[in-house]
Amino acid sequence: GRLKEDESSVPQKDGKYLYWRRFEKGAQYKQWMRKLIDGDMDEIILDEAKEAEGLEFFRLGEVAITEDDHVLAWSSDTDGSERFTIRFRDLTTGNDLPDTIPGTLGGMVFSRDGATLFYGLVNDHWRIDRIMSHRMGSPTAEDKIVYVEADPGFQAGVGMTHDRNWIVIAAGDNETSEVRLIPADKADAEACLVRARQKGVEYDVEAHGDMLFIHTNDVSPQFRLVTAPISDPGEWTERIAASPDFYMTGVTTFADFFVVEGRENGLDQVELHNYGGGQPTRIAFPEASYSAGLDENPEYQVTSLRLAYESMVTPDTITEYDVATGG
C-alpha cells in the first residue's frame with residue numbers, strides 16, 4: 001500500500017534523447033519511454049503490457065538501441081522456458097521489422113552502424129555456448145557464429161566497452177574468465193583474445209583511447225587495475241596495485257577520467273582517477289552506514305555522474321555528482 005503505482009525511473013540522457021521507464025497506475029508492466037533533449041513530446045518505444053496482451057506469461061529480457069537511435073531490439077520469453085526471442089522495431093515509423101531470432105539468452109549489442117546485432121544462443125542445458133551475429137534484413141539461418149565455448153562448465157556473453165568502440169565477447173565460470181574484443185565499427189573482424197584463461201583468474205575489460213583498462217584478481221583476491229595497449233592486450237602493466245584494505249569491485253572508463261569502485265571496512269567507495277595520474281578523488285557520503293555506487297551512466301563524455309545511494313534510513317535515491325565541483 002505504500003508503493004507508488006505510477007512510479008517512474010529518473011530520465012537519463014543518452015545522445016539526443018532522454019530515456020526512462022514508467023508504470024502507469026495499476027499496471028503490472030513497464031513502458032519504455034524517450035523524448036528528444038530539446039523536445040516536449042514523450043514517446044513510448046516499448047509497451048510491455050501491450051506486448052503481453054493475450055499471453056499467459058510474458059517476461060522482457062534485454063533491450064538495445066542502435067547508435068543512430070533508429071532501431072530498437074528487444075527480447076521476450078512468452079512461455080516461461082527462459083528462452084527469449086529477439087524482435088526489432090523501426091523507431092522512426094513505429095513498425096516492427098520482420099527479423100526474429102529465437103532461442104536466445106543474455107545480452108545483445110549492435111555494431112556501430114546498426115547493421116549487425118551480436119547475441120547469445122542458449123543450448124539444451126540453458127548455457128550460452130555460442131555468440132552469433134545477425135545482419136539486419138537477412139534470414140536468421142544465415143547468422144554467423146562469432147564464438148563457440150567448448151568447456152561445458154563455462155558460459156559466454158556479449159557486451160560493449162563503455163567508450164562503445166569494442167564489442168566484448170566474455171566467457172567464464174565462477175572463478176575464471178576470458179575476454180575477446182571485436183572493433184564496433186568492423187563487425188566482421190576476427191575476435192582478438194586479450195589473455196588466455198588461467199584457472200582461478202578473473203578479469204574484465206574497459207577501454208580508453210588505445211589502452212585497455214583491465215580489472216583482475218591475477219595476483220590478489222582483492223583485485224588490481226592493470227593497463228595494456230590494444231595492439232598487445234596480453235602485456236599487462238600495473239596501474240593500481242591490490243590493497244589489503246580495499247576490495248576493488250569494478251572500473252569504468254569515461255572520456256576525461258575513470259572510476260574505481262570498491263569496499264573499505266565493509267562500506268562502498270567510489271573514486272575518480274585522472275588518466276594523467278595524481279591522487280584520486282573519493283566521493284564522500286553523508287551517513288556512517290550505507291550502500292552506494294554508480295547508477296546508469298550510458299554516455300562516455302560526461303561532466304557529472306549518476307550515483308545510486310541508500311541506507312537504513314534513506315530510501316533508494318538517485319543523485320548527480322558534479323565532477324568539477326565535487327558537489
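Over the face of which residue does R195 lie, and at what distance from the ring centre? R195 lies over the face of W236, at 3.8 Å from the ring centre, as the first view shows.

This is a predicted model, in which local features need pLDDT of at least 70 and side-chain atom pairs count only at pLDDT 80 or more, while totals for chains, interfaces and linings use all residues. Residues are numbered from 1 along each chain as its sequence is written, and side-chain values use heavy atoms, with hydrogens and water left out.

**View 1. Arginine charges over tryptophan rings, R195 with W236 and R21 with W32.** A charge is said to sit over a ring if NZ of Lys or CZ of Arg is within 6 Å of the ring centre and within 35 degrees of the ring normal. R195 meets this rule over W236 at 3.8 Å from the ring centre, and R21 lies over the face of W32 at 5.3 Å from the ring centre.

**View 2. An open sheet of seven strands with antiparallel pairing.** Strands (DSSP runs of E, at least two residues, numbered from the N terminus) pair if DSSP finds at least two bridges between them. The order in this sheet is 5-6-7-8-9-10-11. Strand 5 (59-65) and strand 11 (144-148) stand at the edges, each with a single partner strand, so one side of each is left without a neighbour in the sheet. Within the sheet, strand 8 (residues 96-110) and strand 9 (residues 116-122) pair in the antiparallel sense over four bridges, and M108 has Y119 in strand 9 as its bridge partner.

**View 3. The surroundings of H162, a residue in the loop between strand 12 (155-160) and strand 13 (166-172).** H162 counts as buried, because its relative accessibility is 13% (buried means under 20% relative accessible area, exposed over 50%, partly exposed in between, with a 1.4 Å probe and protein chains only). Leaving aside neighbours within four places in sequence, the residues in contact with H162 (heavy atoms within 4.5 Å) include E206, T252, F254 and Y300.

**View 4. Aromatic rings around Y290, with F285 and Y309.** Rings of Phe, Tyr and Trp (its six-membered ring) pair if their centres lie within 6.5 Å, and planes under 30 degrees apart count as stacked, over 60 as edge-to-face and the rest as tilted. By this rule the count comes to 12 aromatic pairs. The ring centres of F285 and Y290 are 5.1 Å apart with planes at 45°, so this pair is tilted. The ring centres of Y290 and Y309 are 5.6 Å apart with planes at 25°, so this pair is stacked.
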